Amino acid sequence: ITQDSVFSGVVSYMSEKGYGFITEKNSNENIFFHYGQLNEPVKKNDVVQYKKERTPKGYQATDIKSNK
């Protein structure tokens, strides 16, 4: 995975604590995200595009945009 790869998925969970998960379209993997990585407001079930960054706990979505 290169830093510039863009992925697509659906926001599957959003917490009141400021984080959520995106279910990746191709792998069905759940990708963690923090609200600070949102470029615009999103809601549960929105289709989004994002980049991925490897963290000690696995991948995290960054640079998240709604795919309208």
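Trainee: Buried means under 20% relative accessible area, exposed means over 50%, and partly exposed lies in between. With that settled, which residues of strand S3 are on the covered face, and which are on the uncovered one?

Mentor: Keep in mind that this is a predicted model. S3 spans residues 30-34, and its covered face consists of Ile31 and Phe33. Asn30, Phe32 and His34 are on the uncovered face.

Trainee: Which way do S2 and S3 run, and how many bridges join them?

Mentor: S2, residues 19-24, runs antiparallel to S3, and five bridges join the two. One pairing puts Tyr19 opposite His34, and His34 belongs to the uncovered face of S3.

Trainee: How many residues lie between S2 and S3 in the hairpin?

Mentor: Five residues lie between S2 and S3. Asn28 is in that turn and has a positive phi of about 60°.

Trainee: Stepping back, how many helices and strands does the chain have?

Mentor: There are zero helices and five strands. Along the sequence, the pattern reads β-β-β-β-β.

Trainee: Why call it as compact as a globular protein of that length?

Mentor: The radius of gyration is 11 Å, and the globule rule gives 11 Å for 68 residues, so the chain is as compact as a globular protein of that length. Along the principal axes, the C-alpha atoms fill a box of roughly 30 × 25 × 20 Å.

Trainee: What share of the residues is buried?

Mentor: Buried residues are 32% of the 68 in the chain. The chain exposes about 4,600 Å², of which carbon and sulfur atoms supply 47%.

Trainee: And contacts: what percentage comes from residues 24 or more positions apart?

Mentor: Such pairs account for 46% of the contacts with a separation of 6 or more.

Trainee: On to S4. Which way does S4 run relative to S1, and how many bridges join them?

Mentor: S1, residues 7-14, and S4, residues 47-55, are antiparallel and joined by four bridges. In this pairing Val10 of the chain stands opposite Val47 in S4.

Trainee: How many bridges join S4 to S5?

Mentor: Seven bridges join S4 to S5, which covers residues 58-66, and these strands also run antiparallel. A hairpin makes the connection through two residues. One bridge pairs Val48 with Ser66 in S5.

Trainee: Back to Val47. Why isn't it listed as buried or exposed?

Mentor: Val47 has 35% relative accessibility, so it counts as partly exposed. Beyond its neighbours within four places in sequence, Val47 contacts Ser8, Gly9, Val10, Ser66 and Asn67. Val10 in that list is also the residue opposite Val47.

Trainee: How far apart are Val47 and Asp4 in space?

Mentor: Their C-alpha atoms are 19 Å apart, with 43 residues of separation in sequence.

Trainee: Different end now. Where is Lys68 found, and is it buried or exposed?

Mentor: Lys68 is in the segment after S5. Its relative accessibility is 82%, so Lys68 counts as exposed. From Lys68 to Val42 the C-alpha distance is 11 Å, and the two are 26 residues apart in sequence.

Trainee: Last one, charges. How far apart are the mean positions of the positive and negative charges?

Mentor: The chain has 10 positive and 8 negative charges, and their mean positions are 3 Å apart.

Key
Residues numbered from 1 in each chain as written. Predicted model: local features only at pLDDT ≥ 70, side-chain atom pairs only at ≥ 80, totals over all residues. Heavy atoms only, no water. Rg over C-alpha atoms; globule rule 2.2 N^0.38 Å. Buried < 20%, exposed > 50% of the residue type's maximum accessible area, 1.4 Å probe, protein only. Contact = heavy atoms within 4.5 Å. Areas by Shrake-Rupley, 256 points an atom, 1.4 Å probe, with all protein chains shown as cover. Lys, Arg positive; Asp, Glu negative; His and termini not counted. Charge placed at Lys NZ, Arg CZ, Asp CG, Glu CD. Pairing = 2+ DSSP bridges.
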